[in-house]
Amino acid sequence: MSWLPLCTQQANSFIGAEDPMLSVQFSPDDEKLVGCNADGKLYVYATAASSRKPKAVMRNNIARLTNHVWSPNSKLIAGACSDGTMMVWNASSGNIHTVLE
């Protein structure tokens, strides 16, 4: 869920992940929110969208994602995987950009 700055009112809540979120992070442009879920997937939400469903779900088909970080321009998300690989996704489409082994 996201909160309005300097306010205690809830601005939005999100659905789509059944397991708890282990970490969440706003994109540098504040237009998206990504959460690393206990199921090992990244869920990307649009912060201003009327839909509460994820815009994209990113995963490694072999290993669990354990951490993530945004690129400074908010266009890419990099994720560290439990098998030692690092994956980079396009934040808008959810498509894999690069896999580093």
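**Exercise 1.** Determine whether S27 is buried or exposed, and describe its surroundings.

*Solution.* S27 is buried, with a relative accessible area of 2%, where buried means under 20% relative accessible area, computed with a 1.4 Å probe on protein chains only. The model is predicted, so that local features need pLDDT of at least 70 and side-chain atom pairs count only at pLDDT 80 or more, while totals for chains, interfaces and linings use all residues. Residues are numbered from 1 along each chain as its sequence is written, and side-chain values use heavy atoms, with hydrogens and water left out. As the next step, S27 is placed in the loop between β3 and β4, strands being DSSP runs of E with at least two residues, numbered from the N terminus. Its side chain reaches the backbone nitrogen of E31 at 3.3 Å. Not counting residues up to four places away in sequence, S27 touches K32, W70 and S74, contact meaning heavy atoms within 4.5 Å.

**Exercise 2.** Work out the strand order of the open sheet that has 4 strands, and find which strands stand at its edges.

*Solution.* The order is β3-β4-β5-β6, with antiparallel pairing, and two strands pair if DSSP finds at least two bridges between them. β3 (21-26) and β6 (56-58) each have a single partner strand, so one side of each is left without a neighbour in the sheet. For the pair of β3 and β4 (residues 32-37), the antiparallel pairing runs over 5 bridges, and M21 stands opposite N37 in β4.

**Exercise 3.** List the residues that M58 contacts, leaving aside its neighbours within four places in sequence.

*Solution.* M58 is in contact with K41, L42, V44, L65, I77, W89, N90, A91 and G94.

Definitions and conventions. Buried means under 20% relative accessible area, exposed over 50%, partly exposed in between (1.4 Å probe, protein chains only). A polar contact is a pair of N or O atoms within 3.5 Å; within protein, one must be able to donate a hydrogen and the other to accept it, and residues adjacent in sequence count only if both atoms are side-chain atoms.
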